[in-house]
Amino acid sequence: MKFISNISYKNIACLFSCAIFFILTSCEEDLTKLKGSQSKNFPSQIINNADIVQRDSGFVSLRAKAPIIEKYELIDSPYIVARKGIDIQFFDKKKPKVPGKITAKYARIFEYKKFYEAKGDVRITTNEGQRFAMQSIYWDQRKNRIYTKDTVYVTMEDGSTLVGANGMTAKDDFSEYTFFNSSGDFNSKRISENKK
C-alpha cells in the first residue's frame, strides 16, 4: 500500500510538472506570435534638451530648440516629433541679424515627404516683423506652401491687424498669402502705397 501511494504521488508530480511545461511552452509561443505582429512605432532616437543648427553653405539657416525630440525610423513613413513643444529660428541671407521665429506646443516632421505640422498655440514672426497666431499650421516644403484651416490672427509691423476666420494659404517665405473670410483693421496709407 505504501508502494502504491509512492507511485501515485510520483505520477501526480510528473503529470503536474508536464502540465506546467506545456502551459509555459504554449504561453511562450503565443508571446512570440504577438511580438511579431506588434507595432514597431517606437522611437529609435531620443534627444533631450535638443539644440539643432542647420547650415547651408556655412550660413546658419535654421536653429531649433526643444525639450525632447523623438525620431521614429523603423516604420514605413518615418517621422520626427517634438511632443513638449519647439522653438525655431529661421534666418534669411538678406536679413541674417533678424531671424523669423516659430513656436508651438507640438511639432511633427515627415522627412521623406518634406511635410511639417505644428499644433497648439502656434506663433510665427517673420523677419519682416509680421506676427501670425493660430492653433495649427502645415508646411508642404515640396510645394513651398503653408496652410491652415484655423482662424489666423495677423499683426503687421505697422500695428494693423487682420483675421482670417477660415484659415489661410501662403508661400513659405510669406511673400504672398491668401486669407479666407477675412476682416481687419488696415492702415489706409499702406494700402494706397501697395496699389501704386
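In the predicted model, residues 27-32 keep a pLDDT under 50 throughout, and this segment makes 0 contacts beyond four places in sequence. A second stretch, residues 188-196, likewise has a pLDDT below 50; for residues 188-196, the model shows 3 contacts beyond near neighbours in sequence. Where pLDDT is low, predicted coordinates should not be interpreted in detail. Over the chain, the average pLDDT is 78, and 72% of the residues score at least 70.

The secondary structure of the chain comprises 2 helices and 14 strands. Of its 196 residues, 25% are buried. Contacts between residues at least 6 apart in sequence include a 36% share that joins residues at least 24 apart.

The largest nonpolar core consists of 16 residues. Within this core, Phe132, Ile137 and Met168 have the most contacts. Two or more of its residues are contributed by each of the strands β7 (115-125), β8 (131-140), β10 (152-155) and β12 (168-171). When neighbours within four places in sequence are set aside, the contacts of Ile137 are with Tyr116, Glu117, Ala118, Val122, Ile124, Ile146, Tyr147, Thr148 and Met168. Apart from the largest core lies another, of 9 residues, including Ala82, Ile86, Ile88 and Ala107.

The largest pocket of the model has a volume of about 1,600 Å³. Its lining is formed by 50 residues, of which Leu62, Ile88, Phe90, Ile102 and Trp139 are the closest to the pocket centre. Elements that supply two or more lining residues are β1 (45-56), β2 (59-72), β3 (79-82), β4 (86-92), β5 (95-104), β6 (106-110), β7 and β8. Strand β1 provides the largest share of this lining, with 7 residues. In terms of residue class, the lining of the largest pocket contains 27 nonpolar, 9 polar and 14 charged residues. Strands β7 and β8 thus appear in the pocket lining as well as among the contributors to the largest core, and Ile88 is named both among the residues closest to the pocket centre and in the core of 9 residues.

Positive backbone phi values occur at two residues other than glycine considered here. Asn49 has a phi near 50° and is placed in strand β1. The relative accessible area of Asn49 is 65%, and the residue is therefore classed as exposed. Asp121, situated in strand β7, also has a positive phi, near 50°. Because its relative accessibility is 31%, Asp121 counts as partly exposed, a class that lies between the limits of 20% and 50%.

Strand β8 also contains Arg131. With a relative accessible area of 43%, Arg131 is partly exposed. Not counting residues up to four places away in sequence, Arg131 is in contact with Ile124, Thr125, Tyr153, Val154 and Thr155. Arg131 and Lys101 are 30 residues apart along the chain, and a distance of 9.3 Å separates their C-alpha atoms.

Conventions
Residues numbered from 1 in each chain as written. Predicted model: local features only at pLDDT ≥ 70, side-chain atom pairs only at ≥ 80, totals over all residues. Heavy atoms only, no water. Core = buried A, V, L, I, M, F, W, Y, C linked by side-chain atoms within 4.5 Å. Buried < 20%, exposed > 50% of the residue type's maximum accessible area, 1.4 Å probe, protein only. Helix = DSSP H or I, 4+ residues; strand = E, 2+ residues; numbered from the N terminus. Contact = heavy atoms within 4.5 Å. pLDDT = per-residue confidence, 0-100. 1 Å grid on protein atoms, 1.4 Å probe; cavity = no way out; pocket = protein on both sides within 12 Å on 5 of 7 lines; lining within 4 Å. Points joined across faces, edges and corners; volume = space filled by probe spheres on them. Nonpolar A, V, L, I, M, F, W, Y, C, P; charged D, E, K, R; others polar.
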